[in-house]
Amino acid sequence: MSLESALRELGKEIQADPRFAALQSAAKANDADEALQAQMQEMQLLSLKYQQEAEKGEEASQDRIAELQQEYQDLYTKIMEGENMKNYTAAATDMEQMAQYISQMIGLFFDGQDPATCEIPASDCTHDCCTCGGCH
């Protein structure tokens with residue numbers, strides 16, 4: 001089997017995984033959620049207003065900038081508390097974990113580990129490299 005064939009098989013397996021289906025379903029639910037879509041448009045408008053105010057330089061109203069930042073944060077919080085967005089976030093997190101697992105396994109293969117027996121080592125990674133004792 002060629003490398004390209006193996007990658008395409010991996011792609012088929014990823015898309016057959018229930019986590020992939022869950023993410024697709026959650027994305028469709030978000031797209032169909034009219035209230036969520038209106039909130040997302042409102043967020044874009046707030047972002048535009050913020051940018052326009054900030055571009056005024058020294059003439060920009062710091063009170064208006066703070067007000068827009070607060071409105072944006074409040075709306076963001078409201079969006080993220082919605083059921084559809086919670087479902088999407090959970091599904092996206094699951095897919096990200098799958099992607100990290102695949103990446104870590106491929107890293108082991110590149111390090112010369114036996115693909116049939118290698119395991120991802122347990123890690124207490126803090127994502128701060130100054131605490132790193134090495135992954136291997």
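The legends below describe close-up views of a predicted model.

**View 1. A nonpolar patch on the surface that includes a residue of helix α1.** Three leucines, L3, L7 and L10, make up a nonpolar patch on the surface of the predicted model, and together they offer about 300 Å² of accessible area. Of these residues, L7 belongs to helix α1, which covers residues 3-16.

**View 2. Helix α2 and its span.** Helix α2 takes in residues 18-32, and because each residue is expected to add 1.5 Å, its 15 residues should span 21 Å. The C-alpha atoms at its two ends are 21 Å apart, which agrees with that expectation.

**View 3. The buried and exposed faces of helix α2.** The buried residues in α2 are L23, A26 and N30. Looking down the axis of the helix, one finds the buried residues of α2 within an arc of 65°, so they line one face. In general, an α-helix has 3.6 residues a turn, and therefore residues three or four places apart point the same way. On the face of α2 that is turned away from the buried side are the exposed residues P18, K28, D31 and A32. The cover over the buried residues of α2 includes helix α3, residues 34-54, and helix α5, residues 83-110.

**View 4. The surroundings of Q39 in helix α3.** Q39 has its place in helix α3, and its relative accessible area is 16%, which is under the 20% limit, so that Q39 counts as buried. When neighbours within four places in sequence are left aside, Q39 is in contact with L75, K78 and I79.

**View 5. M95 of helix α5 and its contacts.** M95 lies in helix α5 and is buried, with a relative accessible area of 15%. Residues up to four places away in sequence not being counted, M95 touches I14, R19, F20 and L23; of these contacts, L23 is also one of the buried residues of α2. M95 and A22 are 73 residues apart in sequence, yet their C-alpha atoms are 9.2 Å apart in space.

**View 6. L108 of helix α5 and its separation from I120.** L108 is another residue found in helix α5, and with a relative accessibility of 4% L108 counts as buried. Along the chain, L108 and I120 are twelve residues apart, and the separation between their C-alpha atoms is 7.6 Å.

Notes: Residues are numbered from 1 along each chain as its sequence is written. This is a predicted model: local features need pLDDT of at least 70, side-chain atom pairs count only at pLDDT 80 or more; totals for chains, interfaces and linings use all residues. Side-chain values use heavy atoms; hydrogens and water are left out. Patches are made of residues with over 30% relative accessible area and no salt bridge: like charges are joined within 9 Å, nonpolar side chains (Val, Leu, Ile, Met, Phe, Trp, Tyr) within 5 Å. Accessible areas come from the Shrake-Rupley method with a 1.4 Å probe; for residues, only the protein chains shown count as cover. A salt bridge is a side-chain nitrogen of Lys or Arg within 4 Å of a carboxyl oxygen of Asp or Glu. Helices (H or I, at least four residues) and strands (E, at least two) are DSSP runs, numbered from the N terminus. The expected span of a helix is 1.5 Å times one less than its number of residues. Buried means under 20% relative accessible area, exposed over 50%, partly exposed in between (1.4 Å probe, protein chains only). The arc is that of the directions from the helix axis to the C-beta atoms. Contact means heavy atoms within 4.5 Å.
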